[in-house]
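These are my notebook entries from a first look through the structure, kept in the sequence in which I looked things up.

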Amino acid sequence: MTFPRTLTRIATAAAATLFLSVLAPAGASADDVSVADLNLRTPFDCGQVWNANTRTNHNPQLSVDFQRDNAQGQNVRSSAAGTVTTVANLGNESYGRYIIVDHGSGVTTLYAHLQTQSVSVGDSVSTGSVIGTVGSTGGSTGPHLHYEQRESGTVVEVVLNGVEIHYYGNTTITSSTGC
Ligand SMILES: [Zn+2]
C-alpha cells in the first residue's frame with residue numbers, strides 16, 4: 001500500500017512548510033538584519049555635498065572614501081543611534097584615529113582618519129550626533145572620511161538614506177542628516 005504512505009509524506013511536508021513560514025516569515029529572522037533595514041544616514045552636516053568614492057583596490061574593498069573641498073575639520077556624525085564600542089588611535093598606520101558605533105542587530109559603522117574624536121567607549125549616540133571631525137590621520141594622503149558599514153563584522157556595500165552607493169565609482173550625495 002504505497003499510495004497512503006505517499007499521501008502522508010505530502011501532508012507532512014506541507015505541514016512543515018506551513019510551520020516554518022509561521023516561525024520565520026521572509027526577512028524577519030533576528031540574524032537577517034541588513035544595513036538597509038536600519039536607514040543609516042550620511043555622516044555629515046545637513047546639506048553638505050560629498051563625493052562617495054568606491055574602488056576595487058580599497059581595503060576593505062567595500063569601504064567608502066568621502067571627499068570634498070574643505071573636508072578637513074568638518075563634523076562627522078553617527079549614521080544612526082547606537083553605542084560607541086571603539087575609540088582608537090593607530091598613529092600613522094591604517095585607520096589612524098577611528099571610531100566604531102554599534103547600532104544593534106550586528107550592524108556597526110566605522111569612521112576613520114579622524115582629526116578629532118569627541119566621544120568615549122560606552123557613550124550612547126543618536127542619529128546625527130557629532131562624534132569627531134574629518135582629518136587625514138593614519139595611512140591617508142589627504143583629508144577624507146573612510147567609512148564602513150558592517151553586518152556581524154563583515155564589511156558590506158554601503159546604503160545611505162536608503163540608497164546604495166555605486167560600486168565601483170563615484171556617487172555624489174547630499175547629507176540630509178539632522179535637517
Ligand atoms: Zn578609505
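I began with H146 and asked whether it is buried or exposed. In this predicted model, H146 has a relative accessibility of 3%, and because buried means under 20%, H146 counts as buried. I then looked up D65 in the same way, and at 5% relative accessibility D65 counts as buried as well.

Next I asked which protein donors the zinc ion has. I found H58 through NE2, D65 through OD and H146 through ND1, lying 2.1 to 2.2 Å from the zinc ion. Along the chain, these donors follow the spacing H-x6-D-x80-H. I noted that D65 belongs to strand β2, residues 64–67, while H146 belongs to strand β10, residues 145–151, so the pair ties together parts that are 81 residues apart in sequence.

I then turned to a sheet and asked in what order its strands are arranged. Three strands form an open sheet in the order β3-β9-β7, and their pairing is antiparallel. I recorded that β3 (75–77) and β7 (114–117) stand at the edges and that each has a single partner strand, so one side of each is left without a neighbour in the sheet. From one strand to the next, the twist averages 35 degrees.

Last, I looked at how β7 is joined to β9, and I counted three bridges between β7 and strand β9 (residues 130–134), which run antiparallel. For a single position to look up by eye, I wrote down Q117, which stands opposite G132 in β9.

How values were computed
Residues are numbered from 1 along each chain as its sequence is written. This is a predicted model: local features need pLDDT of at least 70, side-chain atom pairs count only at pLDDT 80 or more; totals for chains, interfaces and linings use all residues. Side-chain values use heavy atoms; hydrogens and water are left out. Two strands pair if DSSP finds at least two bridges between them. Helices (H or I, at least four residues) and strands (E, at least two) are DSSP runs, numbered from the N terminus. Axes are lines fitted to C-alpha atoms, for helices over the stretch in contact, and angles run from 0 to 180 degrees between N-to-C directions. Donors are N, O and S atoms within 2.8 Å of the metal (3.2 Å for Na, K and Ca); water is not among the atoms, so sites may look incomplete. Buried means under 20% relative accessible area, exposed over 50%, partly exposed in between (1.4 Å probe, protein chains only).
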